[in-house]
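Grab a pencil and have a look at the model below. Try each task yourself before you read its solution.

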Amino acid sequence: MTQEVKITIHGLQAQGNGEPVEVVTVGQMEMQDGVCRITYDEVVEEEENGLVQVVKNQLVVGSSQIEVIKKGQAASHMVFIPDQTTFTYYSTPIGELEVSIHTNRIEKVDQDKGFFLKMEYDLEMNQTFISSCSVNVTVENVAAPM
């Protein structure tokens with residue numbers, strides 16, 4: 001069963017400018033075999049000619065891990081497992097970056113119309129510490145099941 005959902009992603013890096021990032025979008029959620037798959041598009045850049053670059057995203061929420069899969073101009077497959085470090089490559093138009101993610105905490109709270117996720121992790125790129133990060137994701141059903 002596929003449902004239309006509103007996705008709010010709020011992220012903060014402890015290093016750097018410390019500016020919070022927020023994305024609010026609509027996507028599709030499907031539950032299958034205890035795994036929740038949410039797909040949504042994210043506009044990452046608007047060019048001078050008015051065209052936009054879109055990244056296709058998939059958020060996979062399982063019982064013991066979370067995956068974030070991005071396809072498009074900025075591609076990656078990040079896996080978050082509590083108390084573990086995972087590795088991936090972040091593809092950009094100018095090359096690939098090696099990324100390691102040490103997940104400190106994942107919390108999932110079911111709510112009336114969806115759920116709330118909190119992820120805390122340390123991020124390294126090319127073996128250099130970048131930041132401690134916190135990401136909150138709220139997923140809310142907005143339509144009747146299809």
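Here are three short exercises on this predicted model, each with a worked solution.

**Exercise 1.** Find out which strands the salt bridge between Asp41 and Lys56 links, and whether its two residues are buried or exposed or in between.

*Solution.*
- Start with the contact: the two side chains meet at 3.3 Å, N to O, and the cut-off for a salt bridge is 4 Å.
- Next, place the partners: Asp41 is in strand β3 (residues 35-46) and Lys56 in strand β4, 15 residues apart.
- Now check the cover: Asp41 has 37% relative accessibility and Lys56 has 48%. Partly exposed runs between 20% and 50%, so Asp41 fits that class, and so does Lys56.

**Exercise 2.** Do the same for Lys70 and Glu42.

*Solution.*
- This salt bridge has an N to O distance of 3.1 Å.
- It links strand β5 (residues 66-71), home of Lys70, with strand β3, home of Glu42, across 28 residues.
- Buried means under 20%. Lys70 comes out at 17%, so Lys70 is buried; Glu42, at 18%, is buried too.

**Exercise 3.** Work out which residues belong to the salt-bridge network around Arg105.

*Solution.*
- Begin with Arg105 and Glu120, whose closest N and O atoms are 3.4 Å apart.
- Arg105 sits in strand β8 (residues 95-111) and Glu120 in strand β9 (residues 114-125), so this pair ties together parts 15 residues apart in sequence.
- Follow the shared partners, and you get one network of Arg105, Glu107, Lys118 and Glu120.

Notes:
Residues numbered from 1 in each chain as written. Predicted model: local features only at pLDDT ≥ 70, side-chain atom pairs only at ≥ 80, totals over all residues. Heavy atoms only, no water. Helix = DSSP H or I, 4+ residues; strand = E, 2+ residues; numbered from the N terminus. Buried < 20%, exposed > 50% of the residue type's maximum accessible area, 1.4 Å probe, protein only.
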